[in-house]
Amino acid sequence: MKDKLKEMDKKKLYLVIGFFVAIIIILFGGAFVYNKFFYKRSYTEIENIMVNASKNYLAKNKNRFPKNYNDVVTLSDSDLVGAEEMDAISEYLKDETSTCSGNVTVTNINGQYRYVPTLDCGNKYKTVTFIDYIKKMVPIKENGTGLYQLNDELVYRGDSPNNYIKFSGKTYRIVKFSGDSAVIIYTEKGSNIAWDDRYNTEKKMQMGINDYSVSRIKDTVDAFYKDDKKITPDNKLLVIAHNLEIGKRASKDTDKTGGLEKSAVIENQFAGLLPLYDYMNASLDSNCTTSVSASCMNYNYLSKFMYSWWTMTGNNQNTYSVYEIAGSGSSLLMNAGTNGYCRPVLYLSKDALYVSGDGSSENPYIVK
């Protein structure tokens, strides 16, 4: 009798187990069928699929990686489909009327690789770079606060332009779009340090030397860029090398084109400080005419940062003074050995993609 009961219990157990196994198979099988034949991917999901397919493809074909810094390799959707790393885009959309093409550009950033997808579905969807989004959505101004066409660049000017951007979890302002990059300046409270504290032979004392290429503040800026807590490794892939404009100028100089600052450069730097002419150009006051015009603080969002902060520009009349933006907002010549805040400037790649935001302080731009 006991044996029969045990046998019946075993049968019940097997039936229960079998029932649950069948349910699991049905659920997973149904999910697979739905995912394979009915589920329509979003355009963002397809972009991510292309990126992952590119990573898998290059892992198997290492000779295709871009070899040198800034070298680019482009993989088309047909390349990835032919390599069986992804299905045709139409398979993901489940929409016979959609005609889409795509590619992924892979850029070598000092031995790390940035993957940027581009998806073009005609009028239905197109991947948008941040710079293209700005050009399309932000009007060019001729008066008042906003974005201006100036010196062959797109420059933010005035008291309160919508030029906030959140990058790597930190708040920046976009100074301008120049050539192949968006130029952004750190707005959070950074290091309060001397621009330089070396012994100066002209003054015969420890007042600093106003050559940015050998300055202490350059060391601080470089350390900021390298700090993964300040800029995550993934976000570093969006920062491009740039020639820093470290030319000096006199207090009476009136040039606002950058010609003086561009007279000397340090090549291929990932971070720097703001050259003085960018501060001057941010002002809408017509009386902002010289390097130290007090009027440059008027109608100028860069004059509203808390605490005094250093520019990258030295005085060409001596070897020890540097332009600093005072807490009042005006530009002053200060001894390099005195303290001011360090506000690093970064250069974001032209292929950074727009994610969200309108540039306001409440809704800053987000890129990826």
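## A guided tour from the β2–β3 pair

Begin by selecting strands β2 and β3 (residues 112-120), which run antiparallel and are joined by 9 bridges. Two strands are said to pair if DSSP finds at least two bridges between them. Helices (H or I, at least four residues) and strands (E, at least two) are DSSP runs, numbered from the N terminus.

Before going further, note that this is a predicted model, in which local features need pLDDT of at least 70 and side-chain atom pairs count only at pLDDT 80 or more, while totals for chains, interfaces and linings use all residues. Residues are numbered from 1 along each chain as its sequence is written, and side-chain values use heavy atoms, with hydrogens and water left out.

**First stop: the strands around β2**

Within the β2–β3 pair, select Thr 105 and then Val 116 in β3, which stands opposite Thr 105. The hairpin of these two strands has 2 residues between them, and there Asn 110 takes a positive phi near 50 degrees. Next, add strand β1 (residues 72-76), which runs antiparallel to β2 and is joined to β2 by 5 bridges. Here Asn 103 in β2 stands opposite Ser 76.

Is strand β2 mostly covered or mostly open? Of the 9 residues of β2 (residues 101-109), 7 are buried, so the strand is mostly covered. Buried means under 20% relative accessible area and exposed over 50%, with partly exposed in between (1.4 Å probe, protein chains only).

**Second stop: the disulfides**

Select the cysteines next. The structure holds 2 disulfides, a disulfide being a pair of cysteine sulfur atoms within 2.5 Å. In general, such a link is a covalent bond between the sulfur atoms of two cysteines. With the bonded cysteines numbered in sequence order, the pairing is 1-2, 3-4.

One disulfide joins Cys 100 to Cys 121, with an S to S distance of 2.1 Å. Cys 100 lies in the loop between α4 (89-93) and β2, and Cys 121 in the loop between β3 and α5 (130-137), so the pair ties together parts that are 21 residues apart in sequence. The torsion about the S-S bond of Cys 100 and Cys 121 is about 115 degrees, which means that the disulfide is right-handed. Both Cys 100 and Cys 121 are buried.

Move on to Cys 288 and Cys 296, which form a disulfide with their sulfur atoms 1.9 Å apart. The disulfide of Cys 288 and Cys 296 is right-handed, because the torsion about the S-S bond is about 85 degrees. Cys 288 counts as buried at 2% relative accessibility, and Cys 296 counts as buried at 0%. Cys 342 may also be selected: this residue is buried, with a relative accessible area of 4%.

**Third stop: the nonpolar cores and helix α6**

Which residues have the most contacts inside the largest nonpolar core? They are Phe 167 and Tyr 212, in a core of 62 residues. Strand β8 (residues 181-186) supplies the largest share of this core, 5 residues. Apart from it lies another core, of 22 residues, among them Phe 65, Val 73, Tyr 92 and Tyr 115. A nonpolar core is a set of buried Ala, Val, Leu, Ile, Met, Phe, Trp, Tyr and Cys residues joined through side-chain atoms within 4.5 Å.

Now centre the view on Tyr 212. Leaving aside neighbours within four places in sequence, Tyr 212 is in contact (heavy atoms within 4.5 Å) with residues including Trp 195, Ile 217, Lys 218, Val 221, Leu 244 and Met 312.

Select helix α6 (residues 216-226), whose buried residues are Ile 217, Lys 218, Val 221, Asp 222, Phe 224 and Tyr 225. Seen down the axis of α6, these buried residues fall within an arc of 155 degrees, so they line one face of the helix. The arc is that of the directions from the helix axis to the C-beta atoms.

**Fourth stop: two loop residues**

Select Ser 168, in the loop between β6 (164-167) and β7 (170-178). Its phi is near 55 degrees, a positive value in a residue other than glycine. Ser 168 is buried, with a relative accessible area of 16%.

Then select Tyr 299, in the loop between α8 (276-281) and β13 (309-314). Tyr 299 is not a glycine, yet has a positive phi of about 50 degrees. With a relative accessible area of 47%, Tyr 299 is partly exposed.

**Last stop: the whole chain**

Finally, show the full protein chain, whose secondary structure comes to 8 helices and 19 strands. Of its 368 residues, 46% count as buried.
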